[in-house]
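Good morning, everyone, and thank you for making the time. I would like to walk you through a structure that is probably new to most of you, so please have a look at it before I begin.

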Amino acid sequence: MRFIHLADVHLGAAPDTGFPWCEERENEIWETFQRVIRDVREKQVQLLLISGDLFHRQPLKKELRDVSYLFSTIPDTKVVLIAGNHDYLKEDSYYKTFPWGKNVICLFGETYDAVYLKGLDTYVYGLSYYSKEITKAYYDHVQPLAKDACHILLAHGGDAHHIPINMSRLKRAGFDYVALGHIHKPQIIQADAIAYPGSLEPLDRTETGAHGYILGEYAGGQVHITFCPCAKRQYRSLEVQIDGDTTQLSLEDTIRQGLQQQGMDDLYHITLVGRRDGDTVFYPERIQKLGNVLEVVDLTEPDHDLDKLKEQYRGTLISEFIGYFPSERTPLETKALYYGVQALLRSRGQR
Ligand SMILES: [Mn+2]
């Protein structure tokens, strides 16, 4: 039996608020979800597991109709889902009354429940959120039925306010696979047994690295899983080394090349490090235009010609301060020297 495990799709989210590509990203989450449905069909996946937070907030009726349509395009695949803390089952949630197709099973109980999928000889277990937070450690006491079949738990949470999970306990519980959701960083807790696929598309700049879903196979009583990257974009950090020869235009060229190499769709946090020419000032707003740049942090320090300054400011504190340091310096001493010179120059009203 082949399955796909998804979580934290967050349909309806619009990441990177305030940036020109924000609206595009809202659509891309839908497009990537559609791509997963296409993969379900092409890879002949029999079971699609969604471990909570399919929606970013309470789903609109038209959004449920769209999702339901997509599920209707994979009629031979069973879809099992639970509601997470973002799309929790609020009293008037459209989730509760929505008429899903017959291949879709919602484990919308407030307490632990199971469904048996006959054709797949598989039990899927789970519960859903009825509030934004649950502090009770529900998964500490769950276990599969004593029946010869494949047993899969859908679970959403893993932090103090969203069903804390004792992983070592869960490892011993006896499930063939635990399909986790809520933590947005993809991670395998136990090889071929317990995993978070992470958010389908990364949703904020802390969610660096590849994102996607988990493809699983159950055969001969054993599960085997692989992580399949599928997101359109990645958040990346780019560190650029500056030296005395770097100019604004040479820097722009370096960054342009870096972005092209790593991917123009990706979203960047750029940091400038090193020592720049004493007269050079970089313009972050021009760097921002080179691609999808979220932020430019300039940590460079000016590279002063110390001998020249010492001569120029002879008889002043600046000259004395420079002379205080030996020519062979530790990195810390060098840092103190440059910071000090910079501060003293600034206090004289000069750059
Ligand atoms: Mn969540």
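**Strands and their neighbours**

Let me start with strand β11, residues 212-219, which is joined to β12 by eight bridges, the two strands running antiparallel. Within that pair, Y213 has C228 of β12 opposite it. I should say at once that this is a predicted model.

Both strands belong to an open sheet of six strands, whose order is β4-β3-β2-β1-β11-β12 and whose pairing is mixed. At the edges stand β4, residues 104-106, and β12, residues 222-229, and because each has a single partner strand, one side of each is left without a neighbour in the sheet. From one strand to the next, the twist averages 20°. Across β1 (2-6), β2 (47-51) and β11 lies helix α1, residues 22-42, which runs at about 170° to β1.

Let me now turn to strand β7. How many of its seven residues, 150-156, are buried? Seven of the seven are, so β7 is largely enclosed by the rest of the structure. In a regular strand, side chains alternate between the two faces of the sheet. Here C150, I152, L154 and H156 point one way from β7, while H151, L153 and A155 point the other way, and all are buried.

As for its partners, β7 pairs in the parallel sense with β6, residues 122-126, over four bridges, and it is joined by five bridges to β8, residues 177-181, again running parallel. L153 stands opposite Y125, and its bridge partner in β8 is V178. Between β7 and β8 the chain passes through helix α3, residues 167-172, in a β-α-β crossover that is right-handed.

Note on methods
Residues are numbered from 1 along each chain as its sequence is written. This is a predicted model: local features need pLDDT of at least 70, side-chain atom pairs count only at pLDDT 80 or more; totals for chains, interfaces and linings use all residues. A residue is buried if 20 or more other C-beta atoms lie within 10 Å of its own, exposed if 12 or fewer, and partly exposed in between; C-beta atoms are placed from the backbone. Two strands pair if DSSP finds at least two bridges between them. A crossover is right-handed if, with the strands pointing away from the viewer, the path from the first strand over the helix to the second runs clockwise. Axes are lines fitted to C-alpha atoms, for helices over the stretch in contact, and angles run from 0 to 180 degrees between N-to-C directions. Two residues are in contact if their C-beta atoms, placed from the backbone, lie within 7 Å.
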